[in-house]
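Me: Got a minute to go through this one with me? I'd like to talk about the fold and then the aromatic rings.

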Amino acid sequence: MQTQSRTGPASAGPIFDVAAWITGAATGLVLVALVSLVCLEALLRGGFNYSLGFAEELTGYGVVFMTFFGAALALRGHAMFQVHFLLDTWPKGTRRWLIRAFVLIALVICVILAWKTKDLTLSSFSRGKFAPTVLRTPLWIPQIMLPAGFSVLAFFLVEQLLLTFRKSEET
């Protein structure tokens, strides 16, 4: 009788595992909150002809959060689209270098975007700008999700880069 062990994605160390757990927990909480809010809004609109008024705004912020943080978890779990029929034809050493090149390019892009969106967030904070919505949310609050999301993506890209230097059967 064979026992199957359930292993998670390859890890470059416990700091990455803890970060992935925190990211997954935060994403799960946001998902539960979004589903609850959308169901409540649908119930109120359909049953009582009443709208919360702010549900659309909050769900938009939640979707942005889930997109960035979910993409980071998908990257870590190797669930992103890859062109395997091309990648698998290369020798293992070449594959490692191609993956390293991809990761480095993606890392540079994430760092630049995190830096620029941080500037946007700080600009909105210093100017005291608010969203023209029911909640009048200070714009820096939803905007902070952008540099945070790019930073989390960059963090897990660093893990992927570190993993390419491990000697293993998989690449």
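Reply: Sure, here is a short run through the fold and the ring pairs. It's a predicted model, where local features need pLDDT of at least 70, side-chain atom pairs count only at pLDDT 80 or more, and totals for chains, interfaces and linings use all residues. Residues are numbered from 1 along each chain as its sequence is written, and side-chain values use heavy atoms, with hydrogens and water left out.

Me: How many helices and strands does the protein have?
Reply: Six helices and zero strands, taking helices (H or I, at least four residues) and strands (E, at least two) as DSSP runs numbered from the N terminus.

Me: And how many aromatic pairs?
Reply: Five. Rings of Phe, Tyr and Trp (its six-membered ring) pair if their centres lie within 6.5 Å; planes under 30 degrees apart count as stacked, over 60 as edge-to-face and the rest as tilted.

Me: What about Phe 16 and Phe 155?
Reply: Their ring centres are 4.7 Å apart with planes at 35°, so that pair is tilted. Phe 16 sits in helix H1 (residues 14-48) and Phe 155 in helix H6 (residues 145-163), 139 residues apart.

Me: Is Phe 16 buried or exposed?
Reply: Buried, at 7% relative accessibility. Buried means under 20% relative accessible area, exposed over 50%, partly exposed in between (1.4 Å probe, protein chains only). Phe 155 is partly exposed at 29%.

Me: Which residues form a cluster through ring pairs?
Reply: Phe 16, Phe 155 and Phe 156.

Me: Back to the whole chain, what share of the residues is buried?
Reply: 31% of the 171 residues.
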